Amino acid sequence: MLKFRKDANKIFENLKSIVGPESVSCDEVDLIAYSRDWSLMDSSMMYLPDIVVRPKTTVEVVEIVRLANRERIPVIPWGGGTGLSGGALAIKGGIIIDMKGLNKIIEIDEENLTITAQTGITVQKLNEALKKHQLWWPHDPESKFASTVGAAIACDNAGTFGTKYGGSLVDYLLGIEVVLPTGDIVKFGSKAPISASGYPLHWLFVGSEGTLGIITEATLRVYRLPQYRCVDIILFNTFKSAINAGLKIIEAGLDPESIHIVAKEGFLYYTRLYEVKFNKVPKVPEKMEAAMAISFAGLKDVSRFQESVALKICSEAGGTVIEEPELVDIFWTEKHTLSYDAGKNPWPLSVRQHKYAGIDLCVPIGEVPLMYKTYQKLLKKYDFKPATGCFMYCKRLKFAPNCIFTINVNDEEPEEVERAKKFLYELAKCSIECGGTISSSRGVGISVTRSLMPTEHSHTALELMKKLKHMLDPNNIMNPGKKLPEEELP
Amino acid sequence: MIINEFKQDIYTCNRCKCGFCREECPSYKIFGLESYSGRGRMSMAWAVLKGKLDLTDELSKRVYACTTCGYCSARCGMDVVRVIEAFRTDLVNVGKGMPEHKRFREHALKEYNPYLELHQDRLNWLPKDVKLAEKAGILYFVGCTSSYRQKNIALSTVKILRDMNIDFTVLRDEWCCGSPLLRTGQTEYGTELGAHNVKLAEELGIDVLVTSCAGCYRVWKKDYKDLGVDYDFKVLHTTELLHEMIKRGELEFKGEFKKRVMYHDPCHLGRHMGVYDPPRQVLMNIPGIELIETERSRDLSFCCGAGGGVKSAFPEFALEAGLERLKEAMRAGVEAVVSSCPFCWRNFHDAVEKHKLDLGVYDVVEIVSEVI
């Protein structure tokens, strides 16, 4: 820990000279403000950094990283602080670099449909800027009001509109500027939508979780705002029938911008406002297991035509279309704003009484029903109630299931938190056994599933990852102790 | 600890950490570190409740460098401002309040205003030919800021009331409503101040109390009731009164005000009390005005920077936040910013002067008094 070093004061003074005294602090009130994120931990837990610093330019980032590398101090990039895997927590102390000071739009290129921005900007602000040009970045996580572009890239975060636009950051990322752990600035990629001329190293940083360098600028592919959008919700008796209907929609040649399948709990969660507003619970069939929210966007006639075909397919697959527009509107709005009524108002599914915990798995599409059954079995085994149940975004390649399985945990009870971790671990293990992965959109960070990295990845693959990390970060200063199995500071 | 009463809210924030409160929080915008956001302050409250953090001077700085504008609450849903105010009371109780606030509390208890002015001078602004009635239908509650500083707003309000032939009066012995104390955690005298003002107002037999101050409005309409100081008359902001009169066809404007303007929602009128439309409706009825809505308006408006004791304890922060808001107005190409709170007026005016901006600053009543 830095505070035990004799030269701690000198290091602090050096940081002050880099960013100015108002943008660096080692006071405990600041350290506490950066000590927790959205990830699962008991309510007393906190990870204090030694110093927090907020640069405003890439040059300042370079100088901070060079100092840290010279002095062998861990640096941890911090975006919105909304991570669900603890990726931005200072588990080994060190310097948290709050990237939100780098929040400028550098260029909006309307003709070439790209935006270049500093990565500390929030997803929401980026889209507000694009909207003035009738453009948007379809990446749309629920955390968009707070989460940053840099963190979205570093965690390969998921959003609603992946069915049409991709959903992995690889699909959007054309180029980046990165400050490497040695303090060198490197630019990767260009505005070219495709390139086979070199190794696509900009993609190396997608999902890198801040372990390979700090992404300071990004050039992203953007789209024209659709003229029209129609949204429908269809209820199904089984997850499997919802998935099959989704597959048939794609196979029919339709082009939905989003397909989002949620378990009954998730449906009730996102329609909580309906209950508050109209004082009645939404009418759903007793046997309902899953709801599919599907949207089409583009020209009105085209979208409406596709919608009609999709609804026919869903009905033939046993789905019940929700006819009440208020209910559909509330679901859609809540899904995109995470409002108070669902999230924090006292009721069983809110975080008022429990901590939300979840895991972001991805298995081959045919294995989703099995995973869902396993989830239900493990709920009983570990005695947990589902939070928003299971929900899946159908991402890139039209139907890559980004499955989130959730539970409510009493975070005041350390024993229950530990039990929850075992639950998540077992579910992740099952994902690997099904040919899947332990993380599809939130990163591994310090989550309990990190110990499954050697199970998911072969020994040689993992060794190669470590070598790569070591090559870029020889002193292991960049977000150490995250993602890869433990590697001590030299 | 009073914050213990809000343990559920504090723990909920600590579990969730969504951070939606942060982006347009003026304190976070200017200071930049997480500890200056709603979430940051909630994390400090959590750490204090968990026994991991003492009530230090640095903590006090974070808790007081907040305009209590309520952007956090609007984004979150939980009443974060109420928690911050409770936190302030806990700090005051251990002598960690801001010295500037302590000074104005001591003065307010002697002279019934926070401006270090004499109580006997409170009505000096009142035109000599206005006779104070013993009974009246409407009481104009002036407030300390308009009585001692932004007399232009008090004078404009009185001109309107007189031009409209309204049966009104003002209190001969008006005391501070208590807002500066309540907003800074110095809650113990709120009831006393409220009881005095209510007693005098009731003696006048009024039907309606009208105020041109957003801070006073909130205190009269919400805080007094919360403190158990009840009354039996209607409380209106001047803009609500004017809007009602327009709707009844009792107010028409003779003159013009040919300017492109932005209406700035005072936090204590807008977010805290939900009064968004009346001031806009009044402005839209004035011939010549072009009313512009900027990116940040209504419940997501950006604070002027002055409230919650910030203007006195952190004057530079107040001006920087004010400038941030004015820049937004200038980007929208407006000629003037119009608010309906003397405190917003003061801070915007100070920022305009400091940065020599070519931008007008008005209160709604100033414009109305010109065109009536």
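This tour moves through a predicted model, selection by selection.

**The sheet of chain A**

Begin with chain A and display its open sheet of 4 strands, ordered E1-E2-E4-E3 with mixed pairing. The edges are held by strand E1 (24-25) and strand E3 (75-78) of chain A, each of which pairs on one side only.

Next, select strand E4 (residues 95-98) of chain A together with E3(A): the two pair in the parallel sense over 4 bridges. Within this pairing, Ile76(A) stands opposite Ile96(A) in E4(A), and Pro77(A) stands opposite Ile97(A) in E4(A). Now add E2(A), which is joined to E4(A) by 3 bridges and runs parallel to E4(A). Here the bridge partner of Val52(A) is Ile96(A).

Which way do the residues of E4(A) point? Ile95(A) and Ile97(A) point one way from the strand, while Ile96(A) and Asp98(A) point the other way. All four are buried. In a regular strand, side chains alternate between the two faces of the sheet.

**Helices on the sheet of chain A**

Select helix H1 (residues 8-19) of chain A, which lies across E1 and strand E2 (51-53) of chain A. The angle between H1(A) and E2(A) is about 10 degrees.

Return to E4(A), where Ile76(A) of the neighbouring strand faces Ile96(A). Helix H3 (residues 58-71) of chain A packs on the sheet and touches E2, E3 and E4 of chain A. The direction of H3(A) makes about 170 degrees with that of E4(A).

**The nonpolar core**

Now colour the nonpolar core. The largest one has 260 residues, and those with the most contacts inside it are Ile97(A) and Met292(A). Helix H6 (residues 80-93) of chain B gives the most to this core, with 8 residues.

Centre the view on Met292(A). Leaving out residues up to four places away in sequence, Met292(A) touches Ile233(A), Ile234(A), Phe236(A), Ala242(A), Ala245(A), Gly246(A), Ile259(A), Ile261(A) and Cys314(A).

**A helix pair in chain A**

Two of the residues touched by Met292(A), Ala245(A) and Cys314(A), lead to the next stop. Select helix H7 (residues 239-251) of chain A and helix H10 (residues 300-316) of chain A: their axes come within 9 Å and cross at roughly 145 degrees. The crossing of H7(A) with H10(A) is right-handed. On the H7(A) side the contact involves Ala245(A), Lys248(A) and Ile249(A), and these meet Ala310(A), Ile313(A) and Cys314(A) in H10(A). By class, this contact has 5 nonpolar, no polar and 1 charged residues.

**Where chain A meets chain B**

Show both chains. In the model, 35 residues of chain A are in contact with 30 residues of chain B. On the side of chain A that touches chain B, helix H2 (28-33) and helix H12 (340-343) of chain A each supply at least two residues. H2(A) gives the most, with 5 residues. That side of chain A divides into 11 nonpolar, 12 polar and 12 charged residues.

**The sheet of chain B**

Move to chain B and select its open sheet of 4 strands, in the order E6-E5-E7-E8 with parallel pairing. Why do strand E6 (290-292) and strand E8 (360-363) of chain B each have one side without a neighbour in the sheet? They stand at the edges, each with a single partner strand, so one side of each is left unpaired in the sheet. From one strand to the next, the twist averages 35 degrees.

Zoom in on strand E5 (residues 260-263) of chain B, which 3 bridges join to E6(B), the two running parallel. Met262(B) has Ile292(B) as its bridge partner in E6(B). Then add helix H17 (residues 342-355) of chain B, which packs on the sheet, touching strand E7 (336-339) and E8 of chain B. The direction of H17(B) makes about 170 degrees with that of E8(B).

**Asn197(B)**

For the last stop, select Asn197(B), found in helix H11 (residues 190-203) of chain B. Is Asn197(B) buried or exposed? Asn197(B) is buried, because 27 other C-beta atoms lie within 10 Å, and 20 or more suffice for that class. Leaving aside neighbours within four places in sequence, Asn197(B) is in contact with Glu174(B), Trp175(B) and Cys177(B). To end, draw a C-alpha to C-alpha distance from Asn197(B) to Leu55(B): they are 34 Å apart in space and 142 residues apart in sequence.

Note on methods:
Residues numbered from 1 in each chain as written. Chains lettered and ligands numbered in written order. Predicted model: local features only at pLDDT ≥ 70, side-chain atom pairs only at ≥ 80, totals over all residues. Core = buried A, V, L, I, M, F, W, Y, C linked by C-beta atoms within 7 Å. Buried ≥ 20, exposed ≤ 12 C-beta atoms within 10 Å, placed from the backbone. Contact = placed C-beta atoms within 7 Å. Pairing = 2+ DSSP bridges. Axes fitted to C-alpha atoms, helices over the stretch in contact; angles between N-to-C directions. Left-handed = near helix turned anticlockwise from the far one by under 90°. Nonpolar A, V, L, I, M, F, W, Y, C, P; charged D, E, K, R; others polar.
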